[in-house]
Amino acid sequence: MISPTMQNALNTQINLEQYSAQLYLAMGAHCETLSFKGFAHWLRVQAGEETAHAVKLIDFLLDRKGKLELKPIAAPPQEFGGVIQVFEQTLAHEMGITQKINALFDLSRTEKDYASEITLQWYVSEQVEEESNVGQVVDHLHAVGDQGGGIWYLDSRMAKRMAKA
Ligand code: FEO
């Protein structure tokens with residue numbers, strides 16, 4: 001059985017992961033309108049991963065006989081600027097998520113909830129990967145700038161991202 005405190009915190013994180021999916025769907029649509037189909041594809045795949053993050057937490061909560069409380073998902077912004085700004089905002093968002101995951105991890109230790117701690121370890125590692133991947137995209141975008149052929153080359157590379165099995 002999971003504690004009410006941990007249950008609430010996990011339900012909040014589930015909502016945040018769902019919001020992340022919403023945000024990346026919106027950003028992907030924005031890139032699509034700019035004709036950057038590769039960046040749009042990358043963000044669409046990322047949105048799918050965020051939904052998977054939410055579902056993984058839902059399964060964990062249910063395995064612990066917790067109560068799933070799905071909440072309304074906030075509407076994402078509709079304007080994001082150019083592609084560089086899109087990915088800067090993605091990185092900032094992921095850094096915020098890392099803080100939330102770290103706080104959840106702290107809570108699991110305070111609560112002596114070892115099962116949650118072990119599950120959350122996966123999220124701690126995942127955030128390292130998320131920040132690293134997005135950070136690399138931001139670095140590449142800064143290197144090529146938003147004018148000229150470089151950004152179209154990057155766009156074609158982003159189109160190759162595969163969904164995780
Ligand atoms: Fe689910 Fe991008 O963190």
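A crossing is left-handed if the near helix is turned anticlockwise from the far one by less than a right angle. The views below come from a predicted model.

**View 1. Helices α3 and α4 cross in a left-handed sense.** The two helices pack at an angle of about 160°. Their axes are 9 Å apart. Angles over 145 degrees count as roughly antiparallel, so α3 is roughly antiparallel to α4. The contact of α3 with α4 has 16 nonpolar residues. Another 9 are polar and 6 are charged.

**View 2. Helices α2 and α3 meet in a left-handed crossing.** Helix α2 covers residues 37-63, and helix α3 covers residues 83-110. Their axes come within 12 Å. They cross at roughly 20°. The cut-off for roughly parallel is under 35 degrees, and α2 and α3 are therefore roughly parallel to each other. From α2, the contact is made by Phe39, Trp42, Leu43, Gln46 and Glu50. From α3, the partners are Val83, Val86, Phe87, Thr90 and Glu94. By class, the residues of this contact are 6 nonpolar, 2 polar and 2 charged.

**View 3. Helix α2 is shown from end to end, with Lys65 following.** α2 has 27 residues. From its first C-alpha to its last, the helix reaches 39 Å. That is close to the 39 Å expected at 1.5 Å a residue. Lys65 follows α2 and has a positive phi, near 65°.

**View 4. Val45 of helix α2 is placed beside Met162.** Val45 has a relative accessibility of 11%. The cut-off for buried is under 20%, so Val45 counts as buried. Val45 and Met162 are 117 residues apart in sequence. In space, their C-alpha atoms are 7.3 Å apart. Leaving aside neighbours within four places in sequence, Val45 is in contact with Arg161, Met162 and Ala163.

**View 5. Tyr19 of helix α1 is shown with its contacts.** Helix α1 covers residues 4-33. Tyr19 counts as buried, at 17% relative accessibility. Neighbours within four places in sequence are left aside here. The contacts of Tyr19 then include Ile73, Ala74 and Ala75. Pro76, Pro77 and His93 are also among them. Glu50 is 31 residues from Tyr19 in sequence. The C-alpha atoms of Tyr19 and Glu50 are 8.5 Å apart. Glu50 also belongs to the α2 side of the contact with α3.

**View 6. His93 of helix α3 is in contact with Tyr19.** His93 is buried, with a relative accessible area of 15%. Which residues does His93 contact, leaving aside its neighbours within four places in sequence? They are Tyr19, Ser20, Leu23 and Tyr24. Tyr19 lies in helix α1.

**View 7. Helix α4 is shown from end to end, with Gly145 just after.** α4 covers residues 114-144, a total of 31 residues. At 1.5 Å a residue, the helix should span 45 Å. Its end C-alpha atoms are 46 Å apart, which agrees. Gly145, just after α4, takes a positive phi of about 75°.

Conventions: Residues numbered from 1 in each chain as written. Predicted model: local features only at pLDDT ≥ 70, side-chain atom pairs only at ≥ 80, totals over all residues. Heavy atoms only, no water. Axes fitted to C-alpha atoms, helices over the stretch in contact; angles between N-to-C directions. Helix = DSSP H or I, 4+ residues; strand = E, 2+ residues; numbered from the N terminus. Parallel < 35°, antiparallel > 145°, perpendicular 65-115°, else oblique. Contact = heavy atoms within 4.5 Å. Nonpolar A, V, L, I, M, F, W, Y, C, P; charged D, E, K, R; others polar. Expected span 1.5 Å × (residues − 1). Buried < 20%, exposed > 50% of the residue type's maximum accessible area, 1.4 Å probe, protein only.
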